[in-house]
Amino acid sequence: MSNEEHTAPYRAPTGEAARLSPRRVRTHHLQRFKDEGQRFAMLTAYDAMMARVFDEAGIEVLLVGDSAANVMQGSSSTLSITVNELLVYARSVANGADRALVVADLPFGSYQATPEQAVHTAVRFMKEAGVHAVKMEAHAGTAPQVKAVVEAGIPVMAHTGFTPQSEHQLGGFRVQGRGDQAHKVIDDALALEEAGAFCLLAEMIPAELMAELDSAVSIPTIGIGAGTAATGQVLVWQDMLGLNDGRLPRFVKQYADLRGVITQAVQSYRADVVAGTFPGQEHTF
Ligand code: KIV
């Protein structure tokens, strides 16, 4: 690599360019975004086709979230999804994405017990799904798990603030780090950076706290419901593309109405079938 290439800001190719010359986004690119004051986007993905669409659209990071329990399996919480179930989604996304960094969540109960358990589960995601990093909902108390996984050679994205796997302990879906709780979010972030996390994701914390957290750590940050100060942002794709008909959190911006588009298309298909106008001559052998 020439010196110029090394120092030039990372620019993600999109569309045809991304398809023809995939260049894998790696953890050091995210660090470069932070160092150079650029932002990047992460979206969830659970299958190969959507992963390919998002990849070609230029999304830098794809998260195979345990939100699959909600949006793919219809559960009301993320606690139920198993390692074997999430591995299938993770493998599908890794197969579909040529360029994006693919990160998989470690499901509830698969890493909290001991550092050894965390390494065992993270290795399964790297080996059996082919993802490039794992995400762990973590705090200062579980920093040893993060450290052990990093020492096994696996990049860890640490998820702080509101952590859905602890929803019952946290008393439901609530903004974290308000008032004198703010220091805990910062202390957790510092402990997780110290443990070797390459990136910190903070969910549902006040925007000012996100700004403080982003300055306190040197690694890149990702926000969801945390204002604009983070290096990157993440949303669940079914929420941001308007497929989810449930109640959406305030932090979601809807960029499309896929539910409306799909409903209309499916109604047209049914009407054609009922009227006998599909299949037409052109679809018939
Ligand atoms: O599982 C998930 O989709 C997540 C995001 C909401 C950050 O953890």
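**Note on a predicted eight-stranded barrel**

1. Met-204 counts as buried because its relative accessibility is 12% (buried means under 20% relative accessible area, exposed over 50%, and partly exposed in between, with a 1.4 Å probe and protein chains only). This residue sits in the loop between S6 and H10 (helices, H or I of at least four residues, and strands, E of at least two, are DSSP runs numbered from the N terminus). Met-204 has a positive phi of about 45 degrees, although it is not a glycine. Most residues other than glycine have a negative phi.

2. A word on the source. The model is predicted, and local features need pLDDT of at least 70, side-chain atom pairs count only at pLDDT 80 or more, while totals for chains, interfaces and linings use all residues. Residues are numbered from 1 along each chain as its sequence is written, and side-chain values use heavy atoms, with hydrogens and water left out.

3. The overall fold is a closed barrel of 8 strands with parallel pairing, in the order S1-S2-S3-S4-S5-S6-S7-S8 (two strands pair if DSSP finds at least two bridges between them). From one strand to the next the twist averages 25 degrees (axes are lines fitted to C-alpha atoms, for helices over the stretch in contact, and angles run from 0 to 180 degrees between N-to-C directions). Strands of a sheet pair through backbone hydrogen bonds, either parallel or antiparallel.

4. One pair to look at is S2 (residues 61–64) with S3 (residues 101–105), which pair in the parallel sense over 4 bridges. Within this pair, Leu-62 has Val-102 of S3 as its bridge partner. Helix H6 (residues 83–96) packs on the sheet and touches both S2 and S3 (contact means heavy atoms within 4.5 Å). The direction of H6 makes about 160 degrees with that of S2.

5. Is strand S6 mostly covered or mostly open? Strand S6 (residues 199–203) is mostly covered, with 5 of its 5 residues buried. Cys-199, Leu-201 and Glu-203 point one way from S6, whereas Leu-200 and Ala-202 point the other way. In a regular strand the side chains alternate between the two faces of the sheet.

6. S6 has partners in S5 and S7. Strand S5 (residues 156–161) runs parallel to S6 and is joined to it by 5 bridges; Gly-161 stands opposite Glu-203 in S6. The chain crosses from S5 through helix H9 (residues 182–195) to S6 in a right-handed β-α-β crossover (right-handed if, with the strands pointing away from the viewer, the path from the first strand over the helix to the second runs clockwise). S6 also pairs with strand S7 (residues 221–224) in the parallel sense over 4 bridges, and Glu-203 has Ile-224 as its bridge partner in S7. Another right-handed β-α-β unit is made by S6, helix H10 (residues 207–216) and S7.

7. Which residues surround the ligand? Among them are Thr-44, Leu-63, Asp-66, Ser-67, Asp-105, Lys-135, His-159, Leu-201 and Ile-224 (near means that a heavy atom of the residue lies within 4 Å). A polar side-chain atom lies 2.5 Å from an oxygen atom of the ligand in the case of Ser-67. The corresponding distance is 3.0 Å for Asp-66 and 3.1 Å for Asp-105.

8. Two of these residues can be followed further. Thr-44 is in strand S1 (residues 40–44) and counts as buried because its relative accessibility is 2%. Its side chain makes a polar contact of 3.1 Å with that of Tyr-46 (a pair of N or O atoms within 3.5 Å; within protein, one must be able to donate a hydrogen and the other to accept it, and residues adjacent in sequence count only if both atoms are side-chain atoms). Not counting residues up to four places away in sequence, Thr-44 touches residues including Phe-54, Leu-63, Ser-67 and Trp-237. Ser-67 lies in the loop between S2 and helix H5 (68–71), and counts as buried because its relative accessibility is 12%. With the same sequence limit of four places, Ser-67 touches Thr-44, Tyr-46, Met-72, Thr-78 and Val-236.

9. Asp-35, in helix H3 (residues 27–35), counts as exposed because its relative accessibility is 56%. Asp-35 and Leu-101 are 66 residues apart in sequence, and their C-alpha atoms are 18 Å apart in space.

10. A last backbone detail is the peptide bond from Phe-278 to Pro-279, which is cis, with omega near 0 degrees. Pro-279 lies in the segment after helix H12 (258–275). Most peptide bonds are trans.
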